[in-house]
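Student: Could we go through this model together, one question at a time?
Tutor: Happily; have a look at it and then we will start.

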Amino acid sequence: MEVIPLGPGFAAEIRGVGLTEAAASDDVYQAVRSAFEEHSVLVFRKQPITDELQLAFSRKFGPLEIAKAASRGEGTSFSILTNVEPDGSLVPPGHKEELRAKANQLWHTDSCFKIPPALTSILSGRTVAATGGETEFTSMRLTWERLPAETRHRLENAWAWHDYAHSRGKIASHLASERERSTMPAVSWRMRWRNPVNGRDALYIASHTCAIDGMEREEALKLVDELTAFATQPEHLYKHHWQNGDVIMWDNRATMHRGRPWPADQPRYMMRTTVSATDADGLAAMWPERSAA
Ligand code: OGA
Ligand code: MN
């Protein structure tokens with residue numbers, strides 16, 4: 001297995017083994033897992049992707065999330081991100097899927113609004129856009145390390161709230177439905193996620209972050225905006241240009257990502273599996289009371 005660094009201090013391409021080998025062999029899985037803990041974003045090119053292979057690979061990392069209410073894929077282990085309708089036509093302008101794609105273009109980490117939140121998301125490019133539609137990543141571990149010591153000190157014992165409806169509301173007030181709101185109430189986590197394998201800390205915020213304990217709402221939102229801007233300076237990003245058959249997995253504890261726009265007349269069809277975090281992934285310390293329950 002070869003690990004080829006791609007980004008500014010994080011992200012790597014894995015060559016020599018792929019999803020098939022990792023799904024079939026514990027040794028290969030362990031090597032991939034170590035690279036994941038180290039590099040936070042792993043890229044696999046030209047994978048012979050099928051739903052079964054994506055599921056088998058994903059399950060090695062832990063329990064799979066069930067796609068949330070009102071999403072394409074609800075009730076299954078796949079979240080489908082696409083502008084293609086089941087009948088093959090492309091969604092018209094202003095369609096809910098187009099607005100969702102816009103919301104995905106805000107910097108975020110996946111599922112911080114869920115209990116449990118996500119360890120990793122595994123996204124396969126089934127039909128990638130011919131132009132645009134890239135995915136950009138930043139390291140929230142390097143971000144943590146770059147923050148002034150005094151800010152780190154202030155945030156290491158801070159608790160932030162995350163709400164799916166909050167990020168959707170930035171795009172359109174009606175985008176999160178009543179059912180989405182009632183099935184996904186806001187949740188809080190520590191703002192610093194410590195990786196138990198290497199002890200490295202990461203800042204845990206997202207477009208979904210709607211409040212910080214002990215701060216006025218406006219002041220908290222301003223701080224989240226400032227931290228997001230600090231984390232996403234262009235020189236700190238890895239931008240992935242998709243080819244069909246690419247698979248990317250990222251560490252939701254230690255990165256943020258965003259989609260980029262693509263022309264509305266081009267089909268794009270991506271399938272995501274999401275692995276839930278467990279106490280072994282450092283979740284216990286994110287909310288000690290909850291994991292003890
Ligand atoms: C995701 C996501 C961005 C993209 O799958 O969680 O945010 O470029 N995707 O599709
Ligand atoms: Mn996402």
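Tutor: A disulfide is a pair of cysteine sulfur atoms within 2.5 Å. Keep in mind that this is a predicted model.

Student: How many disulfides does the structure hold?
Tutor: Take Cys112, whose sulfur has its closest cysteine sulfur in Cys210, 9.3 Å away. That is too far for a bond, because a disulfide needs the two sulfur atoms within 2.5 Å. Cys210 is likewise in no disulfide. The number of disulfides in the structure is 0.

Student: Is Cys210 buried or exposed?
Tutor: The cut-off for buried is under 20% relative accessible area. Cys112 meets it with 1%. Cys210 has a relative accessibility of 9%, so Cys210 counts as buried.

Student: Which residues coordinate the manganese ion (ligand 2)?
Tutor: In sequence, the donor residues follow the spacing H-x1-D-x146-H. The coordinating atoms sit at 2.1 to 2.2 Å from the ion, through NE2 of each histidine and OD of the aspartate. The residues are His108, Asp110 and His257.

Student: How many residues apart are His108 and His257?
Tutor: His108 is in the loop between α4 (96-104) and β5 (118-127), while His257 belongs to strand β14 (residues 255-259). Both are buried: His108 has a relative accessible area of 2%, and His257 has 4%. The pair links distant parts of the chain, and the separation is 149 residues.

Student: What span is expected for helix α2 (residues 26-39)?
Tutor: Helix α2 has 14 residues, and the expectation uses 1.5 Å a residue. The model's helix reaches 20 Å from its first C-alpha to its last, close to the expected span. That expected value is 20 Å.

Student: Which residue caps the N-terminal end of α2?
Tutor: Look for a side-chain oxygen beside the backbone nitrogen of Asp27; the distance is 3.2 Å. At the other end, α2 is followed by Ser40, with a positive phi near 70 degrees. The residue capping the N-terminal end is Ser25.

Student: Which residue of α2 does Ile14 touch?
Tutor: Ile14 lies in strand β2 (residues 12-15) and is buried, with a relative accessible area of 3%. Its contacts, not counting residues up to four places away in sequence, include Met1, Leu42 and Phe44. Among the buried residues of α2 are Val32, Ala35 and Phe36. The α2 residue that Ile14 touches is Ala35.

Terms used:
Residues are numbered from 1 along each chain as its sequence is written. Chains are lettered from A and ligands numbered from 1 in the order in which they are written. This is a predicted model: local features need pLDDT of at least 70, side-chain atom pairs count only at pLDDT 80 or more; totals for chains, interfaces and linings use all residues. Side-chain values use heavy atoms; hydrogens and water are left out. Donors are N, O and S atoms within 2.8 Å of the metal (3.2 Å for Na, K and Ca); water is not among the atoms, so sites may look incomplete. Helices (H or I, at least four residues) and strands (E, at least two) are DSSP runs, numbered from the N terminus. Buried means under 20% relative accessible area, exposed over 50%, partly exposed in between (1.4 Å probe, protein chains only). The expected span of a helix is 1.5 Å times one less than its number of residues. A polar contact is a pair of N or O atoms within 3.5 Å; within protein, one must be able to donate a hydrogen and the other to accept it, and residues adjacent in sequence count only if both atoms are side-chain atoms. Contact means heavy atoms within 4.5 Å.
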